[in-house]
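User: I am learning to read a sheet and the helices around it. Please take me through an example.

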Amino acid sequence: MSYAAPKTPIVEANRLSKLLNISRGTERFPVDVEELARGYAQQFGHNDPIAEVIGADLPGFEGALYRTEKHGNLEWALLYNSAIEVPGRIRFTMAHELGHYILHRQNGNTFECSEADLLQWESVEKRQEAEADVFASYLLMPIDDFRRSIGSDSVDLHILDDCARRYGVSLTAAILKWLEFTEQRAVLVMSTEGYMLWARSSQSALHSGAYFRTRNVTVPIPTGSLAASSESVIREKQGVELAARIWFPQEPEEMSLREFKIVSDRYERTMSLLILPKAEPRWMREPADNDSGLLDEYIRSGHLPRNK
């Protein structure tokens, strides 16, 4: 009996990216997800194609994937919420549902996806949501092309805005992608009414202790930060220099960071991008009195120290 290894989101997204590179060349962005979804089954010899890609009234959901049967033939319908007004969110939603089709359609007949589904991944369903999200990210924004688009270590909202336009995604999605591979210490915080909704750190920021635990915890935006200011600073392209300790009390007194603030009046949210100077991983630093047990905590969280 042959064993088929489970499909992984990065491998499947990279496979499609290679085909698009061959057929469309490097100037193939943004990805036409609808065309890709409709042609996937024929391209790879499947008999249950995505037959419809349509906007629909999906209250409470960003998108959905439904299996149907017509004249004895199995088909799928890929839907996105027609109330979404941002093209970048629609494209990401469609790519997310395509990820479900490629990775998970053997596991169910219906996939209904909301923004909140990505907040906790303990169940199988939540892990599938996470995998579909990773697939969409790698399909729409291949890391090799993203690195070339960035071009340097000095990043600001001008550069990240250009990347968002190139890939036809939201600025939030572009920043999250950049956080995956950048060597800079950077943290993205999404907040509303003075409290964090979620936060993501780059690997170097995480390893140095620059992160926030927001799952099942209420974390206030720090006083003195740009995010806490009542001023509506929309897309401050160059950022504002602040003492790093405003956001991260464990950082040296003399250290500063750059904070970028983007306010969305429509969604009543504030996005804060924090870029810090380089620092040693926190477990390598001289332990202070208030860092008791830090290395143990760091290891328990799954980040094992590596030999140089």
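Analyst: The turns below go through the sheet, its helices and one residue of this predicted model.

User: In what order do the strands of the sheet lie, and how are they paired?

Analyst: Read the order across the sheet, not along the chain. Here 4 strands make an open sheet in the order 1-3-2-4, with mixed pairing.

User: Why is one side of strand 1 and of strand 4 left without a neighbour in the sheet?

Analyst: Strand 1 (50-56) and strand 4 (110-113) are at the edges and have a single partner strand each, so one side of each lacks a neighbour in the sheet. On average, neighbouring strands of this sheet are turned by 25° against each other, direction ignored.

User: How many bridges join strand 2 to strand 4, and which way do the two run?

Analyst: Strand 2 (residues 63-70) and strand 4 are joined by 4 bridges and run antiparallel. In strand 4, Phe111 stands opposite Leu65.

User: Which strands does helix 3 touch?

Analyst: Helix 3 (residues 87-104) packs on the sheet and touches strand 1, strand 2, strand 3 and strand 4. The direction of helix 3 makes about 150° with that of strand 3.

User: Is Phe111 buried or exposed?

Analyst: Compare the relative accessibility with the cut-off: buried means under 20%. Phe111 has 6% relative accessibility, so Phe111 counts as buried.

User: Which residues is Phe111 in contact with, leaving aside neighbours within four places in sequence?

Analyst: Among them are Gly63, Leu65, Trp76, His100 and Gln128. His100 is 11 residues from Phe111 along the chain, and their C-alpha atoms are separated by 7.5 Å.

Technical notes. Residues numbered from 1 in each chain as written. Predicted model: local features only at pLDDT ≥ 70, side-chain atom pairs only at ≥ 80, totals over all residues. Heavy atoms only, no water. Pairing = 2+ DSSP bridges. Axes fitted to C-alpha atoms, helices over the stretch in contact; angles between N-to-C directions. Contact = heavy atoms within 4.5 Å. Buried < 20%, exposed > 50% of the residue type's maximum accessible area, 1.4 Å probe, protein only.
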